[in-house]
Amino acid sequence: MRRTTLIRAARQSELGDLARLEVQAGQLFHTVGMSEIADHAVDRQALRRSQRQGLIWVAEEGDRTVGYVIAAVLDGNAHIEQVSVAPTHARRGIGRRLIAHVERWGRRQGRPATTLTTFRDVPWNGPYYRRLGYRELPNAEIGRELTVTMRHEAALPGMDSSLRCAMIRFNGGVL
Ligand SMILES: CC(C)(COP(=O)(O)OP(=O)(O)OC[C@H]1O[C@@H](n2cnc3c(N)ncnc32)[C@H](O)[C@@H]1OP(=O)(O)O)[C@@H](O)C(=O)NCCC(=O)NCCS
């Protein structure tokens with residue numbers, strides 16, 4: 001039987017669980033030889049800050065948190081900072097629902113688009129987002145705040161910025 005997945009705001013008391021979930025989800029990067037990315041340390045202060053601002057939503061099935069997404073606003077657009085789904089619940093549309101949730105949140109605020117940064121060729125990154133309607137942003141179209149974010153990410157351990165890209169999906173009119 002398929003369980004109902006609920007999406008709701010994250011609570012402060014579960015941030016430790018979310019950090020653990022991000023590490024579990026990230027293990028997928030070992031399969032493409034990106035071990036430093038797989039084992040990167042979660043920035044718990046940033047997690048706390050985003051939760052306080054109401055920018056984290058979790059996917060819950062029964063009493064289990066099976067995924068979460070962190071949003072931001074960059075250059076006036078909704079931005080997906082991080083999305084993670086527990087390996088036990090992968091490829092069941094939970095990531096897509098979390099991403100759609102941020103897109104809807106942005107649309108309600110009148111944001112023209114949703115952006116994200118990702119690895120261009122890792123199957124569950126660039127190609128996945130392309131399937132969800134995102135396209136790569138040419139350098140000349142990357143806004144100031146998104147540029148700062150990409151510079152910050154480029155400095156993280158194991159990050160090869162030549163493999164990274166920024167992507168965008170413009171909002172339609174429908175809420
Ligand atoms: C990216 C992620 C959130 C997707 O979550 P999900 O719930 O499995 O995704 P969905 O069910 O919405 O979509 C599944 C699609 O994602 C891609 N995908 C997911 N896992 C994959 C894998 N192990 N290998 C190849 N493609 C994969 C495929 O396109 C897949 O479609 P398919 O099953 O028809 O082939 C999840 O893979 C994850 O947590 N990855 C590690 C963290 C990460 O890279 N986050 C994104 C960058 S911030």
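**Exercise 1.** With which residue does Arg 135 form a salt bridge, and how far apart are the closest N and O atoms?

*Solution.* The structure is a predicted model. In this model Arg 135 pairs with Glu 141, and the closest N and O atoms are 3.6 Å apart. A salt bridge requires a side-chain nitrogen of Lys or Arg within 4 Å of a carboxyl oxygen of Asp or Glu. Next, consider accessibility: Arg 135 is partly exposed at 37%, and Glu 141 is partly exposed at 47%.

**Exercise 2.** Determine whether Arg 8 and Glu 14 are buried or exposed.

*Solution.* Buried means under 20% relative accessible area. Arg 8 has 13% and is therefore buried. Glu 14 has 7%, so Glu 14 is buried. Their side chains form a salt bridge with an N to O distance of 2.9 Å.

**Exercise 3.** Locate the two partners of the salt bridge between Glu 103 and Arg 169 in the chain.

*Solution.* Glu 103 belongs to helix H4 and Arg 169 to strand E7, 66 residues apart. The N to O distance is 3.3 Å. Glu 103 is buried at 6%, whereas Arg 169 is partly exposed at 32%.

**Exercise 4.** Describe the surroundings of the ligand.

*Solution.* First, count the shell: 19 residues surround the ligand, and Arg 91, Gly 93, Gly 95, Tyr 128 and Arg 131 are the closest. Second, classify them: 11 are nonpolar, four polar and four charged. Third, examine contacts to ligand oxygen atoms: a side-chain N or O atom of Arg 131 lies at 2.8 Å, and a backbone N or O atom of Val 85 at 2.9 Å. Finally, the protein covers 81% of the ligand's 910 Å² of accessible area.

Notes: Residues numbered from 1 in each chain as written. Predicted model: local features only at pLDDT ≥ 70, side-chain atom pairs only at ≥ 80, totals over all residues. Heavy atoms only, no water. Near = heavy atom within 4 Å. Polar contact = N/O pair within 3.5 Å; in protein donor to acceptor, adjacent residues only side chain to side chain. Areas by Shrake-Rupley, 256 points an atom, 1.4 Å probe, with all protein chains shown as cover. Nonpolar A, V, L, I, M, F, W, Y, C, P; charged D, E, K, R; others polar. Buried < 20%, exposed > 50% of the residue type's maximum accessible area, 1.4 Å probe, protein only. Helix = DSSP H or I, 4+ residues; strand = E, 2+ residues; numbered from the N terminus.
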